[in-house]
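Trainee: Could we take a close look at one part of this protein together? I'd like to start with a single side chain and then work outwards.

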Amino acid sequence: MSSGTAIHIEHLRVQLGKAVILPDVSIEIPEGEIIGLLGPSGAGKTTLVKAIMGMNESSGGSITVFGRRIPSIAAISGIGYMAQSDALYEDLSAMDNILFFGSLFKVRGAQATERASRLLNFVGLGSDAGKAVRDFSSGMKRRLSLAIALMHSPKLLILDEPTVGIDPLLRKRFWDKFAELKGEGCTILVTTHVMDEARHCDKILLMRDGALIANGTPAEILAATGTQNMEDAFLFYCGDVKEAM
């Protein structure tokens, strides 16, 4: 495994109860790229990212993050994670929320206040820093969740369906932010079922029924399938060639 690898997964198997969600997944994700994990709801995307975070126990195979085998506190400390659902304290202000979560990663004092202010401005919430989160719109909560995930300056950012339920303008702003973070050296793994978002990614992993069905750049996947968009490419790999063409 090269020093340029952010995530290395070999023959990962995840079983929840009697259900095998991920039967055999192998992936290598390089540093400094935006990787899109695309697939419909129920494909296993969230199960996979939770396994990378050490939140889902594997029943086979291995996961390493920057050379450290998961589960590892040292590895997790270098990951920023934004879940599908916003886990925020509604009665606290945006600033208090971000400072609290920063303290969990030992970001405290003047450094924490400076970084929190910068990140709230970064996600367009600088003027709302003192407002209670209960008064935030769903889009504002998503932006705050992104700021919290960045509070400890992670080398790896894992975003699980970050654009669900937000309007097209805010979706564009999110992807602009992701590109900016990539420019600063951050590796980003983002899950989505919005196939059109593939165009923003350096590489795409298409997933269905707990298995990876394609891996490559958006251009490579479209060329390999002879299709014009990622939705049709997905249908092609699923065997629905007539519907895709």
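Which side chain does the side chain of glutamate 33 make a polar contact with?

Mentor: Keep in mind as we go that this is a predicted model. The partner you're after is lysine 203: its side chain and that of glutamate 33 make a polar contact at 3.0 Å. To find glutamate 33 yourself, go to the loop between strand S2 (19-30) and strand S3 (34-38). You might wonder whether that loop residue is buried or exposed. Glutamate 33 counts as buried, because its relative accessibility is 18% and the cut-off for buried is under 20%.

Now see what sits around it. Leaving aside residues up to four places away in sequence, glutamate 33 touches Cys186, Thr187, Ile188, Asp202 and Lys203. So lysine 203 turns up in the list of touching residues as well as in the polar contact.

Pick out Cys186 from that list, since we can follow it to a pocket. Cys186 is one of the residues that line the second largest pocket, and others there include Arg115, Phe122, Pro154 and Glu184. That pocket has a volume of about 240 Å³. Helix H4 (109-122) and helix H6 (168-183) each supply at least two lining residues, and H4 gives the most, with four. Sorted by class, the lining has six nonpolar, two polar and four charged residues.

For contrast, turn to the largest pocket, with a volume of about 370 Å³. It is lined by 19 residues, and Tyr81, Phe101, Phe105, Ile148 and Ala149 are the closest to its centre. Strand S6 (79-82), helix H3 (94-104) and helix H5 (138-149) are the elements that give two or more residues to this lining. S6 gives the most, with four residues. By class, you'd count 13 nonpolar, five polar and one charged residues in the lining of the largest pocket.

Back to the cysteines, then. A disulfide is a covalent bond between the sulfur atoms of two cysteines. This structure holds zero of them. Cysteine 201 is in no disulfide, and the nearest cysteine sulfur, that of cysteine 186, is 14 Å away. Cysteine 201 counts as buried because its relative accessibility is 7%. What about cysteine 238? Its closest cysteine sulfur is in cysteine 201, 18 Å away, which is too far for a bond. Cysteine 238 counts as buried too, at 17% relative accessibility.

How values were computed:
Residues numbered from 1 in each chain as written. Predicted model: local features only at pLDDT ≥ 70, side-chain atom pairs only at ≥ 80, totals over all residues. Heavy atoms only, no water. Buried < 20%, exposed > 50% of the residue type's maximum accessible area, 1.4 Å probe, protein only. Polar contact = N/O pair within 3.5 Å; in protein donor to acceptor, adjacent residues only side chain to side chain. Contact = heavy atoms within 4.5 Å. 1 Å grid on protein atoms, 1.4 Å probe; cavity = no way out; pocket = protein on both sides within 12 Å on 5 of 7 lines; lining within 4 Å. Points joined across faces, edges and corners; volume = space filled by probe spheres on them. Nonpolar A, V, L, I, M, F, W, Y, C, P; charged D, E, K, R; others polar. Disulfide = S-S within 2.5 Å.
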